[in-house]
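Visitor: Could you take me through this entry step by step, giving the reasoning behind each answer?

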Amino acid sequence: MRRAWPSPARAVPPILSIRALTKTYASGLQALKPVDLEIGKGEIFALLGPNGAGKTTLISIVCGIVTPTSGEVRVQGFDILKDYRETRARIGLVPQELHTDMFVTVWNTVRFSRGLFGKPADPAHLEKVLRELSLWDKRDDRIMTLSGGMKRRVLIAKALAHEPEILFLDEPTAGVDVELRRDMWALVRTLRESGVTIILTTHYIEEAEEMADRVGVISKGELILVEEKTALMKKLGKKQLTLHLQEPMAEIPAALVAWRLVLKNGGCELEYTFDARDERVGIPALLKRLGELGVEYRDLHTAQSSLEEIFVSLVSERR
Amino acid sequence: MNAFNGRGVLAIYLFEMSRFNRTFWQSLVAPVITTSLYFIVFGAAIGSRMGELDGVHYGAFIVPGLIMLSVLTESLNNASFGIYLPRFTGTIYEVLSAPVSPFEMVLGYVGAATTKSMILGMVILATATLFVPLSIAHPFWMVAFLVLTAATFCLFGFILGIWANGFEQLQFVPMLVITPLTFLGGAFYSIDMLPGAWRTVSLFNPVVYLISGFRWAFYGTADVAVGVSLSATLGFFLACLGIVWWIFRTGYRLKN
Ligand SMILES: Nc1ncnc2c1ncn2[C@@H]1O[C@H](COP(=O)(O)OP(=O)(O)OP(=O)(O)O)[C@@H](O)[C@H]1O
Ligand SMILES: [Mg+2]
């Protein structure tokens, strides 16, 4: 199944375009079924998926660490295999695992990264990056003396050292405390304001919900959905109406069968679940019918499902 | 921007050299002490009873072989460790994702390892002058053989570091292959001193050509004609280059 996914930047050519990309590892495992994806410049795109879905594989191919089995990837029109210098110079990668040198100082490692990507030395830029990541005071420390969270910041600093136009963050907040997570989100917003396109993978739905413009859901190597975050939440989000009853109810009256209500909390609450996208929401009718039946309620509230619930339901549907 | 990424090469080169600086003393002291012991035992104690070989005092005769022995071993160790370490720690991801061509990557890693080997070779040569009077008949060719040998075995080490899947394997090849080849390569004797059949066998040992050519650069005498030595050394160098080229073409053990 191949589809062209909606991209917000239709008029401008996409900064990243992936066509029919597949990957089968030497073990025979197909980590990516044909994947199509376009990312617009300046976008924040979140790739969601359970363990082993193929997120890291997808990112690694774009960055040149894993060779694709078939398909095509272009970065600003340049082919990742033929014009690898062009594409890689534009990309920064923060890997999922904490791969760092031990004995090298923070300053030397970011300087190395910049040189490696062919950029002339620019201490002012490196200082700015280190300050933004609260690493400036640690610049002369060896990486091995830093905490895990600090090491992750170092990896981000390395990825930003050569001023990439696209930044890949592979689970940037895995194993990171709340404060650093907030910092990270703030950094991502700052980067976006300066025009950097950001593609991140995450297990934390709140992260996608908090930051992303669009969300892609990948499961077993298949990109099962790509959607604007707000549209996705509207479209797939379930809404729930909960009525707190005056008197506990033993069973749901036959007259209310059409609404498929659920009794909760020992009969004290009536729960009505409906699709947010459903136009014919039956709330007024339900309330009217309840009145006719003489069912009294003290309170009522509605709730909308989070991206997390949407995601879980999507992935489990596939199983 | 399809140009040569000189800054990338320099970054790798300096990174590798700084690793060397951190372990500067270990890298140099051990080989220097070992070589000094060889001079004391072989050069002075045994050499005094040996007289001259090919018209050269025995203590001086073994100098080229000793330098080669150290350069070969250290080239292999340094270069294999240099590329194995980032594979082992995972930091190789950055080099693989950088706009660096395979050639540039080899240039950075192997270039740094070769530099280290050259420094080591020179330090041992300087140490040798403390023990025996030395003369170098063909300084240009001496340096040329040294560079070529160091570069070849650094390439070989690079291949080893990519092939190895554990520290044991990394130690295994230098231990099991190179040391015997060097000892049987005429470091301490002229292969003319071997019985006929063994002399023929020796000619299949590539190290014989390296040491022979190197000794010729010092004393103008050799077990094998210098042209043959040079061709064999070059051939070995090109073979290593070929394997490296294949590694990058297939992504062998570097990319999935
Ligand atoms: N080098 C490899 N050789 C063989 N199979 C691999 C290799 N790397 C990954 N895989 C397999 O490919 C599939 C996708 O892995 P990938 O790392 O891309 O998943 P992921 O979505 O990043 O998972 P996670 O959320 O756990 O990081 C998994 O089944 C994994 O076991
Ligand atoms: Mg992953």
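Visitor: Is F153(B) buried, partly exposed or exposed, and at what relative accessibility?

Guide: This is a predicted model, and the classes used here rest on computed areas. A residue counts as buried under 20% relative accessible area and as exposed over 50%. F153(B) falls under the lower of these cut-offs, because its class is buried and its relative accessibility is 1%.

Visitor: Which ring does F153(B) pair with, and which kind of pair is it?

Guide: A pair of aromatic rings is described by the distance of the centres and the angle of the planes. The centres of F153(B) and F236(B) are 5.4 Å apart. Planes over 60 degrees apart count as edge-to-face, and the planes of F153(B) and F236(B) stand at 70 degrees, so the partner is F236(B) and the pair is edge-to-face.

Visitor: How many residues apart in sequence are the parts that F153(B) and F236(B) tie together?

Guide: F153(B) belongs to helix α6 (residues 139-163) of chain B, whereas F236(B) belongs to helix α10 (residues 226-250) of chain B. F236(B) counts as partly exposed at 22% relative accessibility. Because the two rings lie in these two helices, the pair ties together parts whose separation in sequence is 83 residues.

Visitor: How many aromatic pairs does the structure hold over all chains, and which residues form one aromatic cluster?

Guide: Over all chains, the structure holds 17 aromatic pairs. One of them joins F88(B) and F167(B) edge-to-face, with 5.0 Å from centre to centre and 70 degrees between the planes. This pair links helix α3 (residues 58-89) of chain B, which holds F88(B), to helix α7 (residues 167-183) of chain B, which holds F167(B), across 79 residues. Both F88(B) and F167(B) belong to one aromatic cluster, whose members are F81(B), Y84(B), F88(B) and F167(B).

Visitor: What are the accessibility classes of F88(B) and F167(B)?

Guide: The upper cut-off decides here, since a residue counts as exposed over 50% and as partly exposed between that value and 20%. F88(B), with a relative accessible area of 51%, is exposed. F167(B) has a relative accessibility of 32%, so its class is partly exposed.

Visitor: Which rings have the charged end of an arginine sitting over them?

Guide: In chain B, the charged end of R215(B) sits over the ring of F61(B), 3.7 Å from its centre. In chain A, the charged end of R139(A) lies 4.0 Å from the centre of the ring over which it sits, that of W136(A). The rings asked for are therefore, in chain B, F61(B) and, in chain A, W136(A).

Visitor: Which residues are the protein donors of the magnesium ion (ligand 2)?

Guide: The donor atoms are OG1 of one residue and OE1 of the other, lying 1.9 to 2.1 Å from the ion, and they belong to T56(A) and Q96(A) respectively. T56(A) is in helix α1 (residues 55-63) of chain A, while Q96(A) is in the loop between β6 (91-94) and α3 (106-116) of chain A, 40 residues apart. T56(A) is partly exposed at 31%, and Q96(A) is also partly exposed, at 25%. The donors are thus T56(A) and Q96(A).

Visitor: How many of the residues of α1(A) are buried, and which residue follows α1(A)?

Guide: α1(A) is mostly covered, with eight of its nine residues buried. Among them are K55(A), T57(A), L58(A) and C63(A). Following α1(A) comes a residue with a positive phi, near 95 degrees, and this residue is G64(A).

Visitor: Which residues of chain B does K158(A) touch?

Guide: K158(A) lies in helix α5 (residues 148-160) of chain A, and its relative accessibility of 6% makes it buried. With residues up to four places away in sequence left out, K158(A) touches T109(A), V110(A), F112(A) and S113(A), and from chain B Y93(B) and E94(B).

Visitor: What is the phi of Q76(A)?

Guide: Most residues other than glycine have a negative phi. Q76(A) is in the loop between β4 (70-75) and β5 (78-79) of chain A, and is partly exposed with a relative accessible area of 32%. Although Q76(A) is not a glycine, its phi is positive, about 50 degrees.

Methods. Residues numbered from 1 in each chain as written. Chains lettered and ligands numbered in written order. Predicted model: local features only at pLDDT ≥ 70, side-chain atom pairs only at ≥ 80, totals over all residues. Heavy atoms only, no water. Donors = N, O, S within 2.8 Å, 3.2 Å for Na, K, Ca; no water. Helix = DSSP H or I, 4+ residues; strand = E, 2+ residues; numbered from the N terminus. Buried < 20%, exposed > 50% of the residue type's maximum accessible area, 1.4 Å probe, protein only. Phe/Tyr/Trp six-rings, centres within 6.5 Å; stacked < 30°, edge-to-face > 60°. Lys NZ or Arg CZ within 6 Å of the ring centre and 35° of its normal. Contact = heavy atoms within 4.5 Å.
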